[in-house]
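Subject: Structure handover

Hello,

Here is the structure for you to look over. Please open it alongside this email. My notes follow below it.

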Amino acid sequence: MLYRGKSLNGTWIIGQLLNIHITTGTDKTYLLDRNATAYDIHNNLKAVLYEVQPETLGKATGKTDRNGREIFEGDILELHYRSYSEPAEVKFGEYQPESEYEPETHLGFYAESDNDINGMIQQELPAVLDICTVIGNVH
């Protein structure tokens with residue numbers, strides 16, 4: 001699974017997650033760059049392994065917005081409806097979709113928005129892909 005996280009110098013990195021427990025009792029979180037080749041890993045690991053700030057990690061959803069931009073947990077989407085638009089945060093976990101036909105709880109990626117008219121709304125991510133644009137993230 002791919003993750004996105006902010007390196008210690010503030011650069012966003014996308015890659016495989018590695019948690020390393022150092023003998024001093026310190027845990028460090030690293031991402032192995034998704035474009036790393038076997039040659040890179042064998043010959044120059046430091047060039048493709050980045051320590052990241054753990055609080056900035058977000059899982060890749062495997063989905064893209066209407067402009068083709070990858071969507072990650074923690075992204076802020078702009079949901080474009082016919083007469084208005086609103087922001088929503090991408091989350092992962094249990095959620096209750098806004099539908100009388102699906103009363104049970106679901107597990108997965110969802111977009112959560114909060115507006116003055118409808119209150120808190122949770123929508124499964126695939127339901128909003130055609131109307132969403134990534135506009136930022138919570139970090």
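The notes below cover strand pairing first and salt bridges second. Please keep in mind that this is a predicted model.

Strands

Start at strand β7, residues 75-80. It pairs with strand β8, residues 85-95. The sense is antiparallel, and there are five bridges. A hairpin of four residues makes the connection from β7 to β8. Look for H80 there: its opposite number in β8 is S85.

β8 also pairs with strand β9, residues 106-115. That pairing is antiparallel too, with seven bridges. To find the register, use F92, whose bridge partner in β9 is F109. So β8 has β7 as one partner and β9 as another, which gives a useful frame for the charged pairs.

Salt bridges

How many salt bridges does the structure hold? There are four. Three of them are described here, including one from each of the strands β7 and β9.

The side chains of D75 and R4 form one of them, at 2.5 Å from N to O. D75 sits in strand β7, while R4 sits in strand β1, residues 2-6. The two are 71 residues apart, so this contact links distant parts of the chain. Are these residues buried or exposed? Both D75 and R4 are buried.

E70 and R34 form another, with an N to O distance of 2.9 Å. E70 belongs to strand β6, residues 70-72. R34 is in the loop between β3 (27-33) and α1 (38-43). The pair therefore ties together parts 36 residues apart in sequence. E70 is partly exposed, at 29% relative accessible area. R34 is also partly exposed, at 38%.

E112 and K91 meet at 2.6 Å, N to O, in a further salt bridge. Because E112 lies in β9 and K91 in β8, this pair ties together parts 21 residues apart in sequence. Those two strands are the ones that pair over seven bridges. Here the two ends differ in burial. E112 has a relative accessible area of 14% and is buried, because the cut-off for buried is under 20%. K91 comes out at 24%, so it counts as partly exposed.

For a quick tour, go from the hairpin between β7 and β8 to F92 and F109, then to E112 and K91. Finish at D75 and R4.

Best wishes

Conventions:
Residues numbered from 1 in each chain as written. Predicted model: local features only at pLDDT ≥ 70, side-chain atom pairs only at ≥ 80, totals over all residues. Heavy atoms only, no water. Pairing = 2+ DSSP bridges. Buried < 20%, exposed > 50% of the residue type's maximum accessible area, 1.4 Å probe, protein only.
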